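Here are my notes on the model, as numbered points. Please read them with the coordinates open.

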There are 2 protein chains.
Amino acid sequence: MATIYQVAALAGVSPATVSRVFNGRPVSDEKSKLVREAASTLAFTPNRTARSLRKQSSEVLALIIPDIENPFFTAMARGVEDRAQAAGFSVVLCNTDDDPGKEATYLQIALSENMAGVILVPASDQSDLSSIIASGRPVVTVDRTTAFDVDHVMIENEPAGASVTTALFDAGFERVACIAGPETVVTATDRARGWRHVVEARGGYDSELLLKIANYRVDGGRAAMAELLAEAETPDAVVVTNNLMGVGALQVLNEHGLTPPAFGVGVIGDLPFTTLSPGLISLVHLPTRDLGTTAVKMLVSRIAGNREPARTVLLPGELAVASVHT
Amino acid sequence: MATIYQVAALAGVSPATVSRVFNGRPVSDEKSKLVREAASTLAFTPNRTARSLRKQSSEVLALIIPDIENPFFTAMARGVEDRAQAAGFSVVLCNTDDDPGKEATYLQIALSENMAGVILVPASDQSDLSSIIASGRPVVTVDRTTAFDVDHVMIENEPAGASVTTALFDAGFERVACIAGPETVVTATDRARGWRHVVEARGGYDSELLLKIANYRVDGGRAAMAELLAEAETPDAVVVTNNLMGVGALQVLNEHGLTPPAFGVGVIGDLPFTTLSPGLISLVHLPTRDLGTTAVKMLVSRIAGNREPARTVLLPGELAVASVHT
DNA sequence: AGGGTCGCAGAAATCGATTTCACAATCAAG
DNA sequence: CTTGATTGTGAAATCGATTTCTGCGACCCT
């Protein structure tokens, strides 16, 4: 790795001039040419560590997500990556496992590595952003809210829950259950609320009896579906509030010989790797990639100096018959 | 963000002493206590940028993969994350999209960020590791080989292809086709070779007629399966050489009303998010997470100074009837 | 012709840690 | 009671870039 001093020596100029050439500050054509030639013969690339120490900021964004194995988050990460790269940033991906301790560690690392900004899917509504906010580094939260006043990108969860529930009633199902996520995650409770409103308007049964809380993962969906099937008065359809629980619920239904449309299934979130026939389940397509690109857009604008009050962007889900094909 | 100088001033010692306390070098108990107290009242955490500039190395590993949306790689990333964190490293995840240009950029970034080492799933067998090797930074390649002599972790691909093919013949199928990946990826060709050997021994037909090359993604699997079904003499079973193409093939079969076991399906690689009934397809479970943990283990040993000749570790796949449950 | 402005370029300071070096104090061995 | 080794500590150098400060020369304007 060549340094700026070696380039300067070879070009016969000062290191300051080399720096200026690489940062687009005014340098005479003559010296600029000398520097460029020297840099290319030495295969010089500026040391990012030194640069970011001096500038107190780097061209790296932190993306902190709860579960790297969830296609929802990887699709979002994909959006973040693409847009960030286009804006000249690279992305550090951190996995919290929904553990507030790990989350705190990664936020700390983002600070001490002088990262330009953070895109965070909070592990819970209790996540502590105070130190990173105090540092002045921009933060955008995605998909789940916190108590802090920061830029935020989120899906219209309640309408998503309502529309898929409506679709099931419209299809003729009469007892539509719900598998919801943990109560500390607003995304989950909002979607369940959408379901509850529709049930109260059209169901004619006590919604609480057909609501199960699960852990947002495949095994959670399996357990909740199994419980529902063991109820005295079983449902004839179910709304599942995220993709992984949807997979779990479908597995259990399958094992009981209850494949859709014999049993109504509505899922909020895409199921990119299932092999279901199209059209058999109701599904709300979520704009996951847009979630990522929007977050980067907002973050980059903050990094560029935008000081307006924090904004919240809501992206709509889209009711689709099914989207098993990629 | 407090600096080491502020801590030193508050504790009444020199910055060098503060550094020594945090790096476990001998310091008198008295001063050590003063430093610790000062550090905790100031909430001091050392600036990683400054540290890595001085030490010429950081506690960050680069993980460069072709596709962050592929569950195979995310499971591997998960293994890398867990093990790296246990060893005190954080992980930067980079997505190449199988693009050698992006790959080269990320390798360059890894160098200029002084990262401790690189775990790379090469975009192709042409990947150029010369500059990173010249720099002396350790590299471990995973899953796919290159022309360079570096540590390597890989799956026993040919036996995987052979065993799943054998399983299909044993189950009574007679014309077992194969959907293979691109020829620039050894993983793909090795698995196909395993299939070919078994077909030549037991098939009694020309293997070339039932071999399709596809792009390793869902759409590739779909296209190849569609082609196979359009052949004059159609197969009655298929071996698909990776997970995503397996999903595509199953989708197309499903659309043609040919669900297993009416049509034999063998897949090399897990299908974590499918809702298939267990036992209907033959499947080779791949130790993806182990791939990641093993790579980290090797890399960390290099970082610690291990100078032995490059090693290759082979991990076996495991024939399972199915593994749709997570 | 003298004073002011402007543009370019080098010297030196800076970012915040680690590490070398030098020195003093303590201790063990001869 | 020296001599030599060991230990703890601070001053200063260092990593490699950016940025401020400063000076030089060219140019313009009364």
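**Notes on the protein–DNA and chain–chain contacts**

1. Start at the backbone of DNA strand C. One of its phosphate oxygens is 2.7 Å from an N or O atom in the side chain of T17(A). Chain B has a phosphate contact too: a polar side-chain atom of S19(B) lies 2.6 Å from a phosphate oxygen of DNA strand C. Keep in mind throughout that this is a predicted model.

2. Which elements give two or more residues to the surface near DNA strand C? From chain A, they are α2 and α4. From chain B, they are α1 (4–11), α2 and α4. The largest share is that of α4(B), with 5 residues.

3. The surroundings of DNA strand C number 30 residues. The closest are T17(A), R20(A), S28(A), I4(B) and S19(B). By class, this surface holds 13 nonpolar, 9 polar and 8 charged residues. Sugar or phosphate accounts for 59% of the strand C atoms within 4 Å of the protein; bases make up the rest.

4. Now DNA strand D. Here 29 residues lie around the strand. I4(A), S19(A), T17(B), R20(B) and S28(B) come nearest. The split by class is 12 nonpolar, 9 polar and 8 charged. Of the strand D atoms within 4 Å of the protein, 61% are sugar or phosphate, and the rest belong to bases.

5. Base contacts deserve a separate look. R54(A) has an N or O side-chain atom 2.7 Å from a base oxygen of DNA strand D. The side chain of R54(A) also has an N or O atom 2.8 Å from a base oxygen of DNA strand C. Two base nitrogens of strand D contacts follow. For Y5(A), a polar side-chain atom lies 3.0 Å from a base nitrogen of DNA strand D. For R20(B), the corresponding distance to a base nitrogen of DNA strand D is 2.6 Å.

6. Which elements give two or more residues to the surface near DNA strand D? In chain A they are α1 (4–11), α2 (15–22) and α4 (48–55). In chain B they are α2 (15–22) and α4 (48–55). α4(A) gives the most, with 5 residues.

7. Next, the relation of the two chains. A turn of 180° with a shift of 0.0 Å along the axis lays chain B on chain A, at an RMSD of 0.1 Å. That is the relation of a two-fold axis. Of the interface residues of chain B, 100% are also interface residues in chain A, so the copies meet through the same surface.

8. How much area do chain B and chain A bury between them? The value is about 4,900 Å², with 52% of it on carbon and sulfur atoms. E69(B), F273(B) and T275(B) supply 15% of the area that chain B buries against chain A, more than any other three residues. In contact terms, 54 residues of chain B meet 54 residues of chain A.

9. Last, the polar side of that interface. The rule finds 8 salt bridges across it. One of them joins the side chains of R48(B) and E113(A), at 3.5 Å from N to O. There are also 19 residue pairs in polar contact between the chains. On chain B, the elements that each supply at least two residues are α4, α5 (71–86), β2 (90–95), α6 (100–112), α10 (218–229) and α11 (243–255). α5(B) gives the most, 8 residues. The side of chain B that touches chain A divides into 24 nonpolar, 18 polar and 12 charged residues.

Conventions:
Residues numbered from 1 in each chain as written. Chains lettered and ligands numbered in written order. Predicted model: local features only at pLDDT ≥ 70, side-chain atom pairs only at ≥ 80, totals over all residues. Heavy atoms only, no water. Near = heavy atom within 4 Å. Polar contact = N/O pair within 3.5 Å; in protein donor to acceptor, adjacent residues only side chain to side chain. Helix = DSSP H or I, 4+ residues; strand = E, 2+ residues; numbered from the N terminus. Nonpolar A, V, L, I, M, F, W, Y, C, P; charged D, E, K, R; others polar. Least-squares fit on C-alpha atoms with pLDDT ≥ 70 in both. Contact = heavy atoms within 4.5 Å. Buried area = accessible area lost by both parts, 1.4 Å probe. Salt bridge = Lys/Arg side-chain N within 4 Å of Asp/Glu carboxyl O.
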